Amino acid sequence: MSDRLASGGTRVLVADDDPTIVLLLEHALQGLGRSYDTADDGAEAWSAWERDRHELVVRDIEMPKLDGLEVCRRIRAADAGRKTFVLIVTGRDKTVDLEAALDAGADDYVTKPVTGPRLMARLRIAHRRMADEAARRKAEDELGRAKYMAGIGETSITLQHEINNPLTGLLATAELMLIEANDRGQPTAEIKTIIDQGRRIAALVKRMSELNDPTSVAYAGQAKMLDLKKQS
């Protein structure tokens with residue numbers, strides 16, 4: 001079943017077959033202004049996460065059909081960027097059980113019996129850690145793009161220097177050959193082809209120097225190349 005609040009925010013998946021825990025979680029999430037989905041068993045929880053990729057999953061370990069550790073392992077296998085925060089609510093309090101939860105990919109856990117304030121505290125901690133992780137990923141993305149743009153700029157300058165200089169000489173020579181061929185009444189088609197292709201190369205280098213929002217397009221197989229057509 002699903003209960004999606006109008007307040008928006010990060011949607012949460014609550015997966016627990018204990019109605020008391022679910023009720024506590026619902027009240028806590030409503031207090032945080034978070035919308036949420038619920039699942040009554042492990043298989044339903046996995047299907048819900050596959051469909052909506054919730055950013056926060058709060059779940060029990062012991063659940064029908066598919067236990068919580070297996071669901072956690074599946075999430076981690078499918079979530080390479082580790083964008084989903086998994087909070088385990090469990091009645092198991094032995095060290096070996098908690099270690100198993102962390103080994104399966106859980107980010108945090110709280111042991112039963114739990115109270116509303118205790119759950120609220122863990123959810124607030126989860127929220128802060130999620131915000132920190134999102135900020136880190138954004139910073140890494142921006143740094144990666146800055147490096148990419150710097151690389152494009154350096155490549156463009158290199159191409160202009162290494163290609164434009166000899167290309168200018170080549171075009172000048174070809175244009176002189178064209179003038180001489182015209183004067184002598186000789187065929188000029190091949191010379192014109194050389195000039196046309198040289199000018200195409202010059203235009204390509206110019207477009208590269210004007211790149212301000214580079215994107216990639218498919219080239220062959222899984223290879224990609226810069227889309228220079230939209231720059232013209």
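**Close-up views of a predicted chain**

**View 1. The order of elements along the predicted chain.** Starting at the N terminus, the elements follow the order β-β-α-β-α-β-α-β-α-β-α-α-β-β, in a model that is predicted. The chain holds six helices and eight strands. Of the contacts with a separation of 6 or more, 59% join residues that lie 24 or more positions apart.

**View 2. Burial and exposed surface of the chain.** The chain has 232 residues, of which 34% are buried. The area that the chain exposes comes to about 13,800 Å², and 54% of this is supplied by carbon and sulfur atoms.

**View 3. The surroundings of Asp-37.** Asp-37 belongs to strand 3, which covers residues 36-39. Because its relative accessibility is 2%, and buried means under 20%, Asp-37 counts as buried. The side chain of Asp-37 forms a polar contact with the side chain of Arg-11, at 3.0 Å.

**View 4. The cavity and its lining residues.** The count of cavities of 30 Å³ or more comes to one, and the largest cavity has a volume of about 70 Å³. Its lining comprises 10 residues, among which Val-12, Arg-34, Leu-56, Leu-123 and His-127 are the closest to the centre of the cavity. By class, the lining of the largest cavity is made up of seven nonpolar residues, two polar residues and one charged residue. Helix 5, which spans residues 116-184, gives the most to this lining, contributing four residues.

Notes
Residues numbered from 1 in each chain as written. Predicted model: local features only at pLDDT ≥ 70, side-chain atom pairs only at ≥ 80, totals over all residues. Heavy atoms only, no water. Helix = DSSP H or I, 4+ residues; strand = E, 2+ residues; numbered from the N terminus. Buried < 20%, exposed > 50% of the residue type's maximum accessible area, 1.4 Å probe, protein only. Contact = heavy atoms within 4.5 Å. Areas by Shrake-Rupley, 256 points an atom, 1.4 Å probe, with all protein chains shown as cover. Polar contact = N/O pair within 3.5 Å; in protein donor to acceptor, adjacent residues only side chain to side chain. 1 Å grid on protein atoms, 1.4 Å probe; cavity = no way out; pocket = protein on both sides within 12 Å on 5 of 7 lines; lining within 4 Å. Points joined across faces, edges and corners; volume = space filled by probe spheres on them. Nonpolar A, V, L, I, M, F, W, Y, C, P; charged D, E, K, R; others polar.
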